[in-house]
Amino acid sequence: MKASTIALLSLFSIFFFPVSWTTSNSVQDKFIKCLDKASLSQPIPAEIYTPNNSSFATALQSYKRNRRFDTPTTLKPAVVVTDAHESNVQATVVCAKKVGIELRIRSGGHDYEGVSYVSQVPFVILDMSNLRSIEIDIENGTAWFQAGAILGAGGHISGGGYGNLLRKYGVATDQVIDAQIVDVRGRILNRKIVGENLFWALRRGGASSFGVILSWKVKLVPVPATVTVFKVNRTLEQGATDIVAQWTQVVDKLPNHLELRLRFYLKGQLSQEYFLKRKSDNVKEPISNTGLEAIWKTMIELEDVAMLWNPYGGVMNEISETAFPHRAGNIFKIQCSTSWMVEGIEATNLYLNKTRKLFEAMTPYVSNNPREAFLNYRDLDIGTSSNGNYEDAKVYRIKYFKGNFHRLARVKTNIDPDNFFRNEQSIPTLPS
Ligand SMILES: Cc1cc2nc3c(=O)[nH]c(=O)nc-3n(C[C@H](O)[C@H](O)[C@H](O)COP(=O)(O)OP(=O)(O)OC[C@H]3O[C@@H](n4cnc5c(N)ncnc54)[C@H](O)[C@@H]3O)c2cc1C
């Protein structure tokens with residue numbers, strides 16, 4: 001063994017295992033022993049935090065973006081692994097599979113339902129936030145960036161990723177031209193190795209059903225040197241309803257470089273966000289003035305609710321290479337939201353109910369059969385599956401994935417036949 005490796009291993013023992021190193025047979029101990037063994041052949045050991053470790057809370061909290069999942073009754077992970085190297089990701093997957101502990105993968109921790117850091121059964125968090133390098137190839141107009149880069153690209157891109165350039169270039173996932181993924185056997189694969197089916201599925205099928213994304217390669221797109229932002233603030237008394245009604249009629253047909261989003265809020269919203277609930281919808285028909293007035297009435301009655309409307313259209317109607325299912329026929333997307341800062345179950349129930357009531361009130365104006373939902377706006381209300389059960393997944397599959405679901409399940413069955421990579425809304429394997 002090289003001297004440098006020995007030095008690293010000593011550091012590993014001192015800094016990352018200051019907790020009681022028991023010989024008990026718990027799954028947690030088996031997992032840590034497995035990682036420890038694996039680290040013997042790794043260039044940099046993983047950083048491992050257990051609840052006994054003084055830095056455990058920091059490691060757990062640092063990328064928790066929704067305090068709704070930060071209560072005394074929220075089950076904490078048995079271990080948080082913060083990767084320092086790709087080999088740690090491989091070892092974490094192999095060891096979790098081997099000892100039979102559930103794995104939750106977290107890049108930016110933005111999941112609205114905390115799926116990347118909460119579970120109902122004993123679990124390990126694989127935190128990708130230290131893998132954040134970016135390599136830009138200006139000549140070829142491409143870039144590789146790791147899953148923890150920027151805002152936490154791992155989940156954002158694999159769930160879609162809309163932004164202000166959506167109508168001109170599509171969603172972020174449409175720009176992906178390669179990916180590095182660790183599969184259930186701990187192998188590092190890329191597009192050439194995985195083939196087009198899995199590569200398609202990673203782009204909006206939710207990568208956490210298939211493996212761990214190490215990095216994405218994307219096409220870079222030109223952005224204008226200057227962007228003109230017009231802000232139009234109108235109250236109902238100032239004719240907001242007419243403007244919004246016209247917006248719903250034309251917004252998906254405007255020139256692609258124009259991005260006109262609408263945000264509706266009442267006093268108290270858009271403050272610092274601690275506790276969150278989000279729900280989503282797609283709209284396929286313009287909304288009349290009468291419809292809009294009914295929506296305003298509900299919002300005023302509910303108080304402290306907000307909505308964000310983002311247009312579709314443009315090139316979104318033309319791209320077909322990725323598994324993003326909300327294309328032609330959609331005018332805009334809705335996010336119903338509440339954000340609050342009061343702790344406790346009463347406040348939580350109050351705001352969850354407000355969001356659900358607002359969502360209910362939107363029923364006449366949004367897609368139906370199925371009532372479509374945006375995967376990146378995770379919403380467990382629309383259905384969950386226990387242990388990735390195929391029958392349970394029927395509830396949410398059409399809403400998130402539409403006609404792509406069966407193909408996604410086929411890909412899943414090939415790459416992860418034992419359904420190791422799973423969560424409340426993952427793609428299940430096909431029934432045998
Ligand atoms: C403040 C805020 C603003 C947002 N703005 C936008 C927006 O403008 N546009 C938009 O489209 N969405 C937006 N979202 C939604 C956001 O894109 C999704 O929550 C997305 O899933 C976040 O990805 P993440 O890696 O940060 O989250 P995480 O919580 O880390 O992960 C989300 C999901 O992806 C999985 N995952 C994470 N990393 C990996 C990986 N490396 N490999 C495999 N699976 C992985 C997780 O297991 C989980 O299922 C916003 C969310 C928040 C909280």
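A residue counts as buried when its relative accessible area is under 20%. That cut-off serves the first stop of this tour, which goes through a predicted model.

**Stop 1: Ala393**

Select Ala393, which belongs to helix 11. Its relative accessibility is 0%, so Ala393 counts as buried. Now display the residues in contact with Ala393: apart from those up to four places away in sequence, they are Ser385, Phe405 and Pro428. For a distance across the model, draw a line from the C-alpha atom of Ala393 to that of Lys76; the two are 317 residues apart along the chain and separated by 25 Å.

**Stop 2: the loop before helix 11**

Move next to the loop between helix 10 (345-361) and helix 11 (390-401), where Pro370 is placed. The peptide bond that leads from Asn369 to Pro370 is cis, and its omega is near 5°. Asn369 is also in the loop between helix 10 and helix 11. Colour Asn369 by accessibility: at 74% relative accessibility, Asn369 counts as exposed. Its backbone deserves attention as well, since phi of Asn369 is near 50°, a positive value in a residue other than glycine.

A further positive phi can be inspected at Asp304, where the angle is about 55° although the residue is not a glycine. To find Asp304, go to the loop between helix 9 (289-302) and strand 12 (306-311).

**Stop 3: the ligand**

Select the ligand and show its surroundings. Which residues come nearest to the ligand? Of the 27 residues around the ligand, these are Ile105, Ser107, His110, Ser116 and His156.

Then display the polar contacts of the ligand with three side chains:

- His110: an N or O atom of the side chain is 2.7 Å from an oxygen atom of the ligand.
- Arg378: the distance from an N or O atom of the side chain to a ligand oxygen is 3.1 Å.
- Ser208: a ligand oxygen and an N or O atom of the side chain are 3.4 Å apart.

Switching to a surface representation shows the extent of the enclosure: on its own, the ligand has 950 Å² of accessible area, and the protein covers 86% of this. Colour the elements that give two or more residues to the shell around the ligand, namely strand 3 (102-106), helix 5 (153-158) and strand 9 (212-219). Helix 5 provides the largest share of the shell, with 3 residues. By residue class, the shell comprises 11 nonpolar, 13 polar and 3 charged residues.

Now colour by domain. Why does the ligand lie between domain 1 and domain 2? Domain 1 (3-127) and domain 2 (134-223 + 384-415) both contribute residues to the shell around the ligand, so the ligand lies between them.

**Stop 4: Asn66**

Select Asn66, in the loop that runs between helix 3 (56-61) and strand 2 (79-82). Is Asn66 buried or exposed? Its relative accessibility is 1%, and Asn66 therefore counts as buried. Setting aside residues up to four places away in sequence, Asn66 touches Tyr112, Tyr117, Tyr274, Phe275 and Leu276. One of these, Tyr112, places its backbone oxygen 3.0 Å from a polar atom of the Asn66 side chain.

**Stop 5: the segment after helix 12**

Go on to the segment after helix 12 (405-415) and select Arg422 there. With a relative accessibility of 25%, Arg422 counts as partly exposed. A polar atom of the Arg422 side chain lies 2.9 Å from the backbone oxygen of Asn419. Leaving aside neighbours within four places in sequence, the contacts of Arg422 are Glu102, Leu103, Arg104, Ser208, Asn387 and Gly388. Among them is Ser208, whose side chain was displayed at the ligand with a distance of 3.4 Å to a ligand oxygen. As a distance check, the C-alpha atoms of Arg422 and Cys95 are separated by 16 Å, with their positions 327 residues apart along the chain.

The last selection is Thr429, also found in the segment after helix 12. What is the accessibility class of Thr429? At 16% relative accessibility, Thr429 counts as buried. Beyond residues up to four places away in sequence, Thr429 touches Tyr390, Ala409, Lys412, Thr413, Asp416, Pro417 and Asn419. Keep Asn419 displayed to close the tour: Asn419 is in contact with Thr429, and its backbone oxygen is 2.9 Å from a polar side-chain atom of Arg422.

Definitions and conventions: Residues are numbered from 1 along each chain as its sequence is written. This is a predicted model: local features need pLDDT of at least 70, side-chain atom pairs count only at pLDDT 80 or more; totals for chains, interfaces and linings use all residues. Side-chain values use heavy atoms; hydrogens and water are left out. A residue is near a molecule or strand if one of its heavy atoms lies within 4 Å of it. A polar contact is a pair of N or O atoms within 3.5 Å; within protein, one must be able to donate a hydrogen and the other to accept it, and residues adjacent in sequence count only if both atoms are side-chain atoms. Accessible areas come from the Shrake-Rupley method with a 1.4 Å probe; for residues, only the protein chains shown count as cover. Helices (H or I, at least four residues) and strands (E, at least two) are DSSP runs, numbered from the N terminus. Ala, Val, Leu, Ile, Met, Phe, Trp, Tyr, Cys and Pro count as nonpolar, Asp, Glu, Lys and Arg as charged, and the others, Gly among them, as polar. Domain bounds come from an automatic or database domain assignment. Buried means under 20% relative accessible area, exposed over 50%, partly exposed in between (1.4 Å probe, protein chains only). Contact means heavy atoms within 4.5 Å.
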